[in-house]
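Student: I've got a model open and a pile of labels to go with it. Could you walk me through how each label is earned?

Tutor: Sure, pull it up and ask away.

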Amino acid sequence: MQVTARYDGHADWYDGWAQTSGAEIMAVARAALGELLPSGPGLAVDIGCGTGVHAEFMRDRSFGVVGLDYSADQLRLARGRLPVGRADARALPLRSGSVSLVFSMFTHTDLDGFDRLVAEAVRVLEPGGALVYVGIHPCFVSPFVERMSDGVRLHSGYKTVGWQARTPHTGNAVRHRVGVHHLSLEALLAAFLHPETRLDRLIERGGSAVPEVIAIRVSRRP
Ligand SMILES: C[S@@+](CC[C@H](N)C(=O)[O-])C[C@H]1O[C@@H](n2cnc3c(N)ncnc32)[C@H](O)[C@@H]1O
């Protein structure tokens with residue numbers, strides 16, 4: 001499957017955004033990650049690590065982290081925060097059953113074949129190991145969702161899985177720059193319905209009237 005490094009040329013901007021306008025959503029996502037993490041210490045693999053903005057959070061919880069991403073530009077910045085490698089999330093350069101914790105943050109909106117990312121994460125997990133995924137909530141944050149002062153208004157398009165054309169609700173930040181691959185909730189959850197996994201927990205966090213983030217933890221069956 002072809003990979004396009006959509007973040008090449010945007011890494012400096014993305015890293016700045018994650019620490020300014022994006023800091024709030026990042027904090028919500030990290031808190032959700034923290035709720036679902038097993039107890040440390042341990043070694044974790046961050047799939048689609050971007051510029052490595054979650055490495056310090058993980059180290060504070062006694063996890064060493066190795067980051068993998070396809071964008072050389074993102075990895076240029078990540079390298080200052082954690083050990084990294086360039087890899088397609090859908091074909092991980094890791095041995096099967098070799099990792100106890102895999103996590104991935106905000107990636108289902110950035111690639112084709114999220115189910116393959118999950119399948120690869122499960123493949124590299126040792127029996128009993130955990131995969132934690134934290135992403136934008138597909139029902140309440142998408143190019144089809146208009147933010148209102150007291151909630152959101154849903155427009156047509158939700159069922160259109162795949163790369164999306166810009167809409168008036170795409171915003172001027174990340175999605176304006178790199179595009180968005182939308183999954184319905186059904187398609188997102190289907191990726192985790194893997195024969196070797198067990199659903200441990202699913203949470204919705206952030207936002208006031210509606211949640212902005214969905215977080216899922218599955219474990220590889222012993
Ligand atoms: C929205 S960013 C999230 C980055 C980081 N996880 C964070 O929370 O800041 C999505 C990341 O997924 C990466 N990505 C997209 N497709 C990928 C692929 N096929 N393999 C590996 N990484 C990929 C992008 O390069 C980008 O860094």
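Student: What makes Q74 count as buried?

Tutor: Buried means under 20% relative accessible area, exposed means over 50%, and partly exposed is in between, with a 1.4 Å probe and protein chains only. Q74 has 3% relative accessibility, so Q74 counts as buried. Q74 lies in helix α4, where helices are DSSP runs of H or I with at least four residues, strands are E runs of at least two, and both are numbered from the N terminus.

Student: And where do these values come from?

Tutor: The model is predicted, so local features need pLDDT of at least 70 and side-chain atom pairs count only at pLDDT 80 or more, while totals for chains, interfaces and linings use all residues. Residues are numbered from 1 along each chain as its sequence is written, and side-chain values use heavy atoms, with hydrogens and water left out.

Student: Which residues does Q74 touch?

Tutor: Leaving out residues up to four places away in sequence, Q74 touches Y7, A11, Y14, G50, T51 and D69. Contact here means heavy atoms within 4.5 Å.

Student: What about A72, is that one buried or exposed?

Tutor: Neither label fits: A72 has a relative accessible area of 41%, so A72 is partly exposed. A72 is also found in helix α4. Not counting neighbours within four places in sequence, A72 is in contact with D8 and R86. W13 is 59 residues from A72 along the chain, and the two C-alpha atoms are separated by 14 Å.

Student: Why are α1 and α2 called roughly perpendicular?

Tutor: Two packed helices are described by the angle between their axes and the distance between the axes. For α1 (residues 11-18) and α2 (residues 23-36), the axes come within 7 Å and cross at roughly 75 degrees. The axes are lines fitted to C-alpha atoms, for helices over the stretch in contact, and the angle runs from 0 to 180 degrees between N-to-C directions. Under 35 degrees counts as roughly parallel, over 145 as roughly antiparallel, 65 to 115 as roughly perpendicular, and the rest as oblique. That is why α1 and α2 are roughly perpendicular to each other.

Student: Which residues meet there?

Tutor: Y14, W17 and A18 in α1 meet A23, I25 and M26 in α2. The residues of this contact divide into six nonpolar, no polar and no charged. For the classes, Ala, Val, Leu, Ile, Met, Phe, Trp, Tyr, Cys and Pro are nonpolar, Asp, Glu, Lys and Arg are charged, and the others, Gly among them, are polar.

Student: How do you know that the buried residues of α1 line one face of the helix?

Tutor: The buried residues of α1 are A11, Y14, D15, W17 and A18. Seen down the axis of α1, they fall within an arc of 160 degrees, so they line one face of the helix. The arc is that of the directions from the helix axis to the C-beta atoms. What covers them includes α2, α4 (72-78) and α6 (174-178).

Student: And what makes S21 exposed?

Tutor: S21 has a relative accessible area of 63%, so S21 is on the exposed side of the cut-off. The place of S21 is in the loop between α1 and α2. A173 is 152 residues from S21 in sequence and 8.9 Å away in space, C-alpha to C-alpha.

Student: Why is V213 called buried?

Tutor: Because its relative accessible area is 1%. V213 lies in strand β11, and its contacts beyond four places in sequence include I25, V28, A32 and F106.

Student: What is unusual about the phi of F106?

Tutor: Most residues other than glycine have a negative phi, and most peptide bonds are trans. F106 has a positive phi of about 55 degrees although it is not a glycine. F106 is found in the loop between β4 and α5, and with a relative accessible area of 11%, F106 is buried. S62 also has a positive phi, near 70 degrees. As for peptide bonds, the one from G40 to P41 is cis, with omega near 0 degrees.

Student: Last one: how many disulfides does the structure hold?

Tutor: Zero. A disulfide would be a pair of cysteine sulfur atoms within 2.5 Å. C49, at 3% relative accessibility, counts as buried, and so does C139, at 19%.
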